[in-house]
Amino acid sequence: LRVLGIETSCDETAAALVERAPDGSGAIVSNVVMSQIEEHAAFGGVVPELAARAHVAVLDTLVAEALSQGNVALGDVDAIAATAGPGLIGGLIVGLMTGKALARAADKPLYAINHLEGHALTARLTDGVAFPYLMLLVSGGHTQLVLAKGVGKYRRWGTTIDDALGEAFDKTAKLLGLGYPGGPAVEAAARTGDPRRFAFPRPLRGNPGLDFSFSGLKTAVRQAAEALVPLADQDVADIVASFQAAIVDTLKERLSRAAARFRDECEAADPTLVVAGGVAANGAIRAMLTDFCAGEGFRFVAPQPALCTDNAAMIAWAGAERAALGLPPAEMTVAARSRWPLDETADALIGSGR
Ligand code: ATP
Ligand code: MG
Ligand code: FE
């Protein structure tokens, strides 16, 4: 089963080809991504209108590139999968319309994919992980703990009640003049800092649920920085090291609760934690996750960073999983959805036009 995937939900334009073998194993045939980071850097964040225009400008070329790298003609793919949400509506419309046009032209089924399902299923493509498993999704737009029970069967156990984790990294970097995107800059600066100099809050610590909150941490960082103006390089390093330590602690506390709940509610011979999203590139967070899983007896699966951030291979793969199960493709009337919680990615909703 060979699927062409398209991803345009945020600031990456991407096209990819994946293959799924009858035994359920997957292979990436081609995977092209064009990041718009430079176009948005001057504005310190993603500008939706610019993003939509940039998707229009390059998507056709990327699709052609993905096909030619795989030595595959459009007529030789079995299905087309395009992200239909959640994300920036302009970009989603560009990708979904392109997917519809290609599907119509080649007379192939179209799968309208939930971007978060793409992230959630990546570990099955890369590592063949079996259901059920626990997923931590930490990106620029999302911070979620998800139970993946099956294709189209997800339970969101926790989410952020304010900022996403990547957003917290980006805002902290902006505040301290470290540039955009902020995650890698914060991580680099934190290496020479003292993580104990500032006692930043661990938001929602001890709270019985599995939600996250990062806005209080952001405020504490701003207050610490304002009290020290003018900031020396060492002050900045100490602030971001203390900020990162607070985040590592917070994630760990939430994960211990999630792991306990997983053990209570799920029968899994091989309990597994999967991480996804751009923040998963962070070395301190990865190190904590590795330790945490070793301590809890969980298998830890972290796809390579290029497959943790936005890409079309994960969208193609989600389409392949759906096609392999015989789930119905989308109607040509299916609409893009800027908001689309993963829990609602039930089979009945696909193709319903919602
Ligand atoms: P979404 O996937 O939720 O729609 P997005 O496209 O912004 O949002 P990604 O591309 O997966 O998300 O990730 C980008 C985010 O990851 C940015 O917020 C960036 O700062 C953060 N990030 C990247 N590298 C690191 C790092 N080393 N440490 C911390 N954060 C990082
Ligand atoms: Mg991105
Ligand atoms: Fe994403």
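Helix H8 passes helix H9 in a right-handed crossing in this predicted model. The axes of H8 (residues 233–265) and H9 come within 10 Å and cross at roughly 30°. Angles under 35 degrees count as roughly parallel, and H8 and H9 are therefore roughly parallel to each other. The contact between these helices brings Gln244, Val248, Leu251, Lys252, Leu255 and Ala259 of H8 against Ala284, Ile285, Met288, Phe292 and Glu296 of H9. An α-helix has 3.6 residues a turn, so residues three or four places apart point the same way.

Helix H9 also takes part in a supersecondary unit. Together with strands S9 and S10, H9 (residues 283–296) makes a right-handed β-α-β unit. S9 and S10 (residues 299–301) pair in the parallel sense over 3 bridges, and Leu273 has Phe300 of S10 as its bridge partner.

Strand S9 spans residues 272–276, and 5 of its 5 residues are buried. In a regular strand the side chains alternate between the two faces of the sheet. Both faces of S9 are covered: Thr272, Val274 and Ala276 lie buried on one side, with Leu273 and Val275 buried on the other. S9 also pairs with strand S6 (residues 133–138), in the parallel sense and over 4 bridges. Here Ala276 of S9 is the bridge partner of Leu137.

These pairings belong to an open sheet of 5 strands with the order S8-S7-S6-S9-S10 and mixed pairing. S8 and S10 are its edge strands, each pairing on one side only. From one strand to the next, the twist averages 25°.

The antiparallel part of this sheet includes the pair S7 and S8, where 6 bridges join S7 to S8 (residues 153–159). The two strands form a hairpin with 2 residues between them, and in this hairpin Gly152 takes a positive phi near 80°.

Leu145 gives a view of the surroundings of strand S7. This residue is placed in S7 (residues 143–150) and stands opposite Gly158 in S8. Why is Leu145 counted as buried? A residue is buried if 20 or more other C-beta atoms lie within 10 Å of its own, and Leu145 counts as buried because it has 26 C-beta neighbours inside 10 Å. Not counting residues up to four places away in sequence, Leu145 touches Leu134, Leu136, Trp157, Gly158, Leu210, Arg254 and Ala258. Leu145 and Asp211 are 66 residues apart in sequence, while their C-alpha atoms are 8.2 Å apart in space.

Helix H6 is another mostly covered element: 7 of the 9 residues in H6 (residues 182–190) are buried. The buried residues are Gly182, Gly183, Ala185, Val186, Glu187, Ala189 and Ala190. They pack against helix H5 (165–175), H8 and H9.

A further open sheet has 5 strands in the order S3-S2-S1-S4-S5, with mixed pairing. Strand S3 (26–35) and strand S5 (110–114) stand at its edges, each with a single partner strand, so one side of each is left without a neighbour in the sheet. Neighbouring strands of this sheet are turned by 20° against each other on average, direction ignored. Within the sheet, strands S1 (residues 2–7) and S4 (residues 79–85) run parallel and are joined by 4 bridges, with Gly5 opposite Ala81 in S4.

Two helices are placed against this sheet. Helix H2 (residues 48–69) lies across S1, strand S2 (12–20) and S3, and runs at about 25° to S2. Helix H11 (residues 313–324) packs on the sheet and touches S1, S2, S3, S4 and S5, its direction making about 135° with that of S1.

The strand pairs described above are listed below.

| Strand pair | Sense | Bridges |
|---|---|---|
| S1 and S4 | parallel | 4 bridges |
| S6 and S9 | parallel | 4 bridges |
| S7 and S8 | antiparallel | 6 bridges |
| S9 and S10 | parallel | 3 bridges |

Methods:
Residues are numbered from 1 along each chain as its sequence is written. Chains are lettered from A and ligands numbered from 1 in the order in which they are written. This is a predicted model: local features need pLDDT of at least 70, side-chain atom pairs count only at pLDDT 80 or more; totals for chains, interfaces and linings use all residues. A residue is buried if 20 or more other C-beta atoms lie within 10 Å of its own, exposed if 12 or fewer, and partly exposed in between; C-beta atoms are placed from the backbone. Two strands pair if DSSP finds at least two bridges between them. A crossover is right-handed if, with the strands pointing away from the viewer, the path from the first strand over the helix to the second runs clockwise. Two residues are in contact if their C-beta atoms, placed from the backbone, lie within 7 Å. Axes are lines fitted to C-alpha atoms, for helices over the stretch in contact, and angles run from 0 to 180 degrees between N-to-C directions. Angles under 35 degrees count as roughly parallel, over 145 as roughly antiparallel, 65 to 115 as roughly perpendicular and the rest as oblique. A crossing is left-handed if the near helix is turned anticlockwise from the far one by less than a right angle, and right-handed if clockwise.
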